[in-house]
Amino acid sequence: MFITFEGVDGSGKSTQLRFLSEHLELIGRKYIIVREPGTTEVGEKIRDILLDRNNTAMSPVTEAMLYAAARVQLIDEVIKPALDKGVTVLCDRYIDSSVAYQAFGRGLGVDAVLKMNDYAVKNCLPDITFFIDVSPEAAGERMHSRTDLDRLELESLAFKDRVYQGFLYMAEREPERIIRIDASGSKQETREKILSHIGRITS
Ligand code: TYD
C-alpha cells in the first residue's frame with residue numbers, strides 16, 4: 001500500500017506518519033518511510049535548492065518542476081521498487097502538496113501543475129492520503145517558537161491560506177483517495193482517527 005500524508009507546514013503530519021509507522025511495526029507489516037522533496041541522493045540536492053532561503057529569485061515554474069523532478073527520482077529509485085516487493089510506503093508529502101503550494105500558493109493553476117506531474121508520476125498515485133487538517137493560523141501558532149524557517153515556511157499568511165485552500169480543493173476533488181482528518185484536537189486524538197481508518201482498510 002502507498003500512503004501519503006499532507007497538510008500545511010506545522011500541521012503535525014510528520015508526527016502522525018511516525019505514529020502510523022509504529023502501528024505497522026506492531027502488526028508486523030513491512031514498510032518504508034520517505035519524504036518529499038528528498039530521500040534519494042539526487043532528491044536531497046534538489047531539496048536543498050528548493051528550501052534555501054537565499055533562492056529568492058526562483059520562478060514559480062522552476063519551483064514546480066523541481067518538485068516534480070525530485071518526485072520522479074523518488075518514484076523510480078525507491079517507491080516503485082518497494083511497492084513491487086509488497087512493502088508499504090509511507091510518504092511525507094506528495095502530489096497534493098504541489099497542487100496546494102504551486103497551483104494555489106504560487107497561482108500556477110491546477111491544470112498546469114497536474115500536467116507537469118502527470119508526466120513525472122504516470123500512474124503512481126497513493127492508495128490513501130491523510131490530509132491532516134489544521135488551519136494555517138493554528139499551525140502558525142505551533143511553529144511560533146521555531147527560528148530555522150525555510151524558504152516556503154517564510155511565506156506570508158496569505159500564501160499559506162491559499163495553500164490550505166488547495167488542500168481543501170483536492171480533498172473535495174478526490175474524496176475516495178483523500179481522507180480529511182480534523183486535527184484540531186490532541187496528537188493522540190488525531191492518531192486514533194487515523195488508526196480507525198487504517199483498521200477499516202486493512203481488515
Ligand atoms: P516539509 O518536508 O514538510 O518541510 P519540513 O521538513 O520543514 O517539515 O516540506 C518542505 C516544503 O516544501 C514545505 O514547505 C512544502 C513544500 N512543498 C511544495 O511546495 N511542493 C511540493 O510538491 C512538496 C512535496 C513540498
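A pocket here is an open set of grid points where a 1.4 Å probe fits, with protein on both sides within 12 Å along at least five of seven lines. In this predicted model, the ligand takes up the space of the largest pocket. The elements that each give two or more residues to the shell around the ligand are α2 (41-51), α3 (60-84) and α4 (95-105). The briefing below covers the ligand site, the salt bridges and the backbone of one loop.

**Ligand shell**

- The ligand has 15 residues around it.
- Arg-47, Tyr-67, Arg-93, Ser-98 and Gln-102 come nearest.
- Helix α4 gives the most to this shell, with four residues.
- By class, the shell residues divide into eight charged, four nonpolar and three polar.

**Polar contacts to the ligand**

- Arg-71 places a polar side-chain atom 2.9 Å from an oxygen atom of the ligand.
- Glu-153 also has a polar side-chain atom 2.9 Å from a ligand oxygen atom.
- Gln-102 approaches a nitrogen atom of the ligand instead, with a polar side-chain atom at 2.8 Å.
- Each of these distances falls under the cut-off for a polar contact, a pair of N or O atoms within 3.5 Å.
- On its own, the ligand has 550 Å² of accessible area, and the protein covers 89% of that area.

**Salt bridges**

- The structure holds 14 salt bridges.
- One of them joins the side chains of Arg-93 and Asp-9, at 3.3 Å from N to O.
- This pair links distant parts of the chain, with the two positions 84 residues apart in numbering.
- Arg-93 sits in the loop between β3 (88-92) and α4.
- Asp-9 sits in the loop between β1 (2-6) and α1 (13-26).
- Side chains of opposite charge can pair when their charged atoms come close.
- Arg-93 thus appears in two settings: in the salt bridge with Asp-9, and among the residues that come nearest to the ligand.

**Backbone of the β2–α2 loop**

- A cis peptide bond joins Glu-36 and Pro-37.
- Its omega is about -15°.
- Pro-37 lies in the loop between β2 (31-35) and α2.
- Thr-39 is also placed in the loop between β2 and α2.
- Thr-39 has a positive phi of about 75°, although it is not a glycine.
- Helix α2, at the end of this loop, is one of the elements that give two or more residues to the ligand shell.

Notes. Residues are numbered from 1 along each chain as its sequence is written. This is a predicted model: local features need pLDDT of at least 70, side-chain atom pairs count only at pLDDT 80 or more; totals for chains, interfaces and linings use all residues. Side-chain values use heavy atoms; hydrogens and water are left out. A residue is near a molecule or strand if one of its heavy atoms lies within 4 Å of it. A polar contact is a pair of N or O atoms within 3.5 Å; within protein, one must be able to donate a hydrogen and the other to accept it, and residues adjacent in sequence count only if both atoms are side-chain atoms. Accessible areas come from the Shrake-Rupley method with a 1.4 Å probe; for residues, only the protein chains shown count as cover. On a 1 Å grid over the protein atoms alone, a cavity is a set of points where a 1.4 Å probe fits but cannot get out, and a pocket is an open set with protein on both sides within 12 Å along at least five of seven lines; lining residues have an atom within 4 Å of a point. A molecule sits in a cavity or pocket if more than half of its atoms lie within 2 Å of its grid points. Ala, Val, Leu, Ile, Met, Phe, Trp, Tyr, Cys and Pro count as nonpolar, Asp, Glu, Lys and Arg as charged, and the others, Gly among them, as polar. A salt bridge is a side-chain nitrogen of Lys or Arg within 4 Å of a carboxyl oxygen of Asp or Glu.
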